[in-house]
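Student: I would like to go through this model by question and answer. Please show me the sequence and structure first.

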Amino acid sequence: NVMSETGRGIIDRPAQVRPADTAALQALRDLLVNPAGFYVNLHTTVNPGGVIRGQLKRPEVITLLAPMSPRNEVPAITTLQASGVGSITAMRTYDAGGNLDSALITFEVAYNFPVAQTFTGLHIHAGPAGANGPVTINTGVTRLESTTSGAGNVTFPVEVDLNNANQVNTLNGLYADPAQYYVNMHTTEFPGGAIRAQLRRTDEFEFPITLLPSNEVPAVTVDASAPTVMKFHTIRGTDGQVIAARVLFDVNYRFPGETRFTGLHIHNGAAGANGPVTVNTGITANAPVNTDTGFGNIYIPVIVGDTAGLATLNTLLASPDRAYTNLHTTVNPGGAVRAQLSTATAKPAIEAVTSGIGPASRVVAPGGAMAIYGSNFTQVSSDLYFSWEGLRFPTALNGVEVTVQGRPAPVFSVTPGLTLVQVPFETTAGSQPVVVKNPGGESSPVMANVQTTAPAIYLLDGIIGQVGAVNTLAFVDAASPIAPGELILVFLTGLGQTVPPLQTGALVTGQTNLIAGLSATIGGRSAPVTLTLAAPGSAAQYVAIMMVPTGTASGMQPLQVSLGEQRSNTVMLPVR
């Protein structure tokens with residue numbers, strides 16, 4: 001039974017399915033395939049058959065982070081030495097007609113004040129950095145006492161009122177452009193806001209592991225295990241290092257019987273060695289998790305903003321074998337079951353080097369994007385290309401470093417089999433060595449064909465070019481073809497240095513960096529090019545504005561550009 005005096009609240013009850021319960025296991029499999037075939041029902045004494053119910057839906061989920069500071073307030077507060085990390089998890093679902101029909105936003109804030117505080121508000125506000133804006137999503141906090149030390153955590157789930165236009169606009173804005181919204185925590189001393197930050201998109205990665213007693217040092221003899229998923233959301237500083245994170249411990253423990261858990265942590269340490277706790281869930285002997293059956297789940301998110309925790313996260317991004325998760329009990333206080341997050345990172349190997357558009361072009365140019373194909377580059381995939389907020393891309397990402405002709409190359413993204421970088425502007429034309437290095441070692445060099453310019457058009461799909469209509473800013477595809485006489489934006493790489501010149505790794509901001517001499521043909525006809533420049537807000541990418549020639553036939557027409565003696569790949573342009 002769950003009692004409610006107000007008629008409002010949240011019920012949070014984990015349920016476990018045992019391996020022998022074949023019917024429940026099949027229901028879970030079916031639920032994952034078709035959640036709409038199941039419903040949740042809430043029963044009461046008045047309505048024992050059910051009082052409210054709803055079919056399940058798969059939500060669209062994002063997690064955002066905000067490194068909060070008094071100096072982000074407007075005006076900045078310089079007399080308060082406080083900090084915090086805010087996490088916003090938003091979920092939304094749609095009906096069959098594509099209309100928003102449910103949404104939930106969960107606030108999680110790890111705060112650190114010099115002394116105890118009284119919080120008078122915690123909100124999402126609509127407004128960019130440097131400006132104050134209205135409250136749009138409110139936790140309802142009006143008076144909340146902090147811990148006696150001034151450091152602690154708060155969590156507030158807030159259901160979005162779909163009849164409130166401001167709340168709906170904010171919800172959708174969090175998905176589209178979270179930087180236009182900020183989290184603000186207010187206190188009695190600073191009622192206008194004590195710590196705040198704009199929201200930022202996060203990287204996401206996870207490690208599925210199984211905690212075992214045989215992994216403990218020394219090994220223990222309990223008949224237990226804990227299949228676990230460690231999930232991480234992170235944001236980066238300008239050097240590519242993690243500056244804040246949300247770590248989710250999702251532990252399914254399997255013990256022989258009644259057990260008291262007294263700790264759950266990430267530790268620094270390699271296999272076969274014990275190391276210090278660096279990320280702590282808060283489970284202790286004084287705040288344990290108890291189970292009568294030995295069979296259950298621990299699901300705890302932890303906000304990480306401290307020095308030791310961040311150091312561990314930055315280490316495990318490059319070498320996840322150097323950290324382990326440990327679950328402690330009263331019987332085994334040093335650890336009952338444990339697992340490294342991964343095995344050791346292997347030495348990388350390069351198989352091919354191409355233009356950033358992929359195998360359609362195997363020539364690269366200084367300042368352009370370059371794709372490196374191979375194996376063992378990293379165990380943690382990250383893509384900074386469209387979410388980077390620094391002024392210059394880092395030359396190391398998750399422990400992966402690349403050199404071209406011996407020069408460090410800015411890294412845009414890394415996966416186990418593909419790394420995307422910018423060719424340094426200082427690279428000279430010719431056959432130049434490319435080397436990938438990670439904590440497992442250094443690859444053998446592979447030669448890249450570097451030309452002064454190597455124009456290449458990005459692909460929207462297998463054959464259609466990445467082209468936008470100037471009048472609508474929508475991509476041109478088979479369903480939305482372009483008409484003769486209209487202007488288009490063509491997205492390219494490999495056009496070389498601009499005027500004025502760009503620096504390697506720098507995002508294009510605040511000025512027009514031009515390329516002269518680009519020509520184009522569409523359907524065999526000359527297409528007038530009116531402007532070619534480095535794409536604002538990116539690196540290694542260029543855009544060219546050109547007109548579809550009058551008289552161009554309808555259908556798929558070949559598009560190609562040339563710069564000097566170099567011709568691009570040919571892509572198809574849908575023309576109506």
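What follows is a short round of questions on cores, a pocket, a sheet and one glycine.

Tutor: This is a predicted model, in which local features need pLDDT of at least 70, side-chain atom pairs count only at pLDDT 80 or more, and totals for chains, interfaces and linings use all residues. Residues are numbered from 1 along each chain as its sequence is written, and side-chain values use heavy atoms, with hydrogens and water left out.

Student: Which strand gives the most to the largest nonpolar core?

Tutor: A nonpolar core is a set of buried Ala, Val, Leu, Ile, Met, Phe, Trp, Tyr and Cys residues joined through side-chain atoms within 4.5 Å; buried means under 20% relative accessible area, exposed over 50%, partly exposed in between (1.4 Å probe, protein chains only). The largest has 39 residues, of which M370, I372, F393, V402 and V434 touch the most other members. Strands are DSSP runs of E, at least two residues, numbered from the N terminus. The top contributor, with four residues, is β24 (residues 369–375).

Student: How many residues are in the second, separate core?

Tutor: Its members include A224, V247, F249 and L327. The count is 35 residues.

Student: Which strands stand at the edges of the open five-stranded sheet?

Tutor: Two strands pair if DSSP finds at least two bridges between them. The order is β22-β24-β30-β29-β25, with antiparallel pairing. Each edge strand has a single partner, so one side of each is left without a neighbour in the sheet. They are β22 (349–355) and β25 (382–383).

Student: Which residue stands opposite D383?

Tutor: Two bridges join β25 to the antiparallel strand β29 (residues 411–414). In β29, the residue opposite D383 is S413.

Student: How many charged residues are in the lining of the second largest pocket?

Tutor: A pocket is an open set of points on a 1 Å grid over the protein atoms alone, where a 1.4 Å probe fits, with protein on both sides within 12 Å along at least five of seven lines; lining residues have an atom within 4 Å of a point. Of the 24 lining residues, the closest to the centre are A110, Y111, N153, I303 and G305. Asp, Glu, Lys and Arg count as charged. Beside 13 nonpolar and nine polar residues, the charged ones number two.

Student: Is G54 buried or exposed?

Tutor: G54 lies in strand β2 (residues 52–55). Contact means heavy atoms within 4.5 Å, and G54 touches F38, Y39 and V40, not counting residues up to four places away in sequence. With a relative accessible area of 29%, G54 is partly exposed.
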